[in-house]
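I opened the notebook to look up charged side-chain pairs and how much of each is open to solvent. The entries follow the display.

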Amino acid sequence: MDAALMPLLVVSLVLCLLAAAPAASAARAFFVFGDSLVDNGNNNYLLTTARADAPPYGIDFPTHQATGRFSNGLNIPDIISEHLGAEPALPYLSPELRGEKLLVGANFASAGVGILNDTGIQFVNIIRIGDQLQYFREYQRKLRALVGEPQATQLVNQALVLITLGGNDFVNNYYLVPMSVRSRQYALPDYVRFIVSEYRKILSRLYELGARRVIVTGTGPLGCVPAELALHSQNGECAAELTRAVNLFNPQMVDMVRGLNRAIGADVFVTANTYRMNFDYLANPQDFGERRRRGAEPKPKGDRLFHACMHGEPKRGDR
């Protein structure tokens with residue numbers, strides 16, 4: 001991810017998270033689910049090729065060491081935690097996640113995973129999303145043993161939750177190789193409908209497990225990332241097929257989330273338009289970067305941040 005975009009994206013996500021939670025959210029636990037964009041070290045504990053435990057990963061981390069984050073430094077959950085005034089939630093597989101550390105939350109994300117179980121099969125041993133949710137159940141058992149059932153339930157219900165999935169279902173599944181199994185099975189519009197319907201099941205399960213304040217990120221400009229430009233672009237423009245896939249996926253994901261909120265009867269899930277954030281930043285750098293060049297944090301316009309959060313139905317209380 002472009003380092004210049006990171007402050008804007010993080011501020012936007014923090015505002016989306018705060019929109020999904022009442023005041024004093026800084027004291028709340030934080031749970032993270034998803035892929036390499038938010039994995040902060042779980043894959044270090046796995047025998048997998050999807051690893052970030054060697055340079056150049058971590059070169060700008062405070063310790064200048066690779067930590068398992070797929071980043072040159074801090075990743076999005078780390079910086080969200082900073083903005084919320086909390087310490088980062090540890091990877092769930094970390095042996096340090098015990099005792100009072102459980103009260104901070106946990107990061108269950110694993111690089112390479114997607115909405116579908118067959119996404120990322122080339123990485124062999126990763127924590128697929130179903131297993132992440134199973135670990136969330138296991139985490140809650142540990143939490144109940146630590147603080148008792150009423151307090152554990154309250155902590156989970158009031159926690160902030162971030163989930164980011166979908167990109168790998170395209171780049172590490174449908175478009176992984178020419179004539180992939182999924183591309184032979186589904187035309188792209190049908191595939192998008194399929195993975196969105198599967199995503200709904202994942203979010204429903206997250207709700208069943210007690211999550212009540214959840215931000216769901218859309219998929220960014222997959223066709224514009226350097227690896228895809230190198231593989232698919234003929235003239236430096238973003239890869240057209242991946243751009244088409246994202247343009248199909250994001251609106252359907254938003255509609256799905258709104259429908260799920262209606263079914264639940266509360267605005268539990270909030271979607272974040274990371275694709276729009278990216279291109280808005282590139283198209284209007286003067287709105288975001290002039291102050292940063294003088295050493296101050298950028299101050300994105302409020303209306304742009306508002307549109308980065310796409311809410312469902314009005315909140316009608318927690319359940």
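Entry 1. Before reading any accessibility, I set down the classes: buried is under 20% relative accessible area, exposed is over 50%, and partly exposed is in between. The model I am working with is predicted.

Entry 2. I searched the whole structure for salt bridges and got nine. I wrote up three pairs, including arginine 69 with aspartate 78.

Entry 3. I looked up aspartate 190 and found its side chain in a salt bridge with arginine 193, at 2.2 Å from N to O. Both residues sit in helix α7, which covers residues 188–208, and they are three residues apart, about one turn of the helix. Is this pair buried or exposed? Neither word fits: aspartate 190 has a relative accessible area of 35%, so I class it as partly exposed. Arginine 193, at 45%, is partly exposed because its value also falls between the two cut-offs.

Entry 4. I then checked arginine 205, which forms a salt bridge with glutamate 208; their closest N and O atoms are 3.0 Å apart. These two are also in helix α7, three residues apart, and so about one helical turn separates them. I noted a relative accessible area of 30% for arginine 205, which is therefore partly exposed. Glutamate 208 reaches 55%, which is over 50%, so I entered it as exposed.

Entry 5. I went back to arginine 69 and aspartate 78. The closest N and O atoms of this salt bridge are 2.5 Å apart. I recorded both arginine 69 and aspartate 78 as buried.

How values were computed. Residues numbered from 1 in each chain as written. Predicted model: local features only at pLDDT ≥ 70, side-chain atom pairs only at ≥ 80, totals over all residues. Heavy atoms only, no water. Salt bridge = Lys/Arg side-chain N within 4 Å of Asp/Glu carboxyl O. Buried < 20%, exposed > 50% of the residue type's maximum accessible area, 1.4 Å probe, protein only. Helix = DSSP H or I, 4+ residues; strand = E, 2+ residues; numbered from the N terminus.
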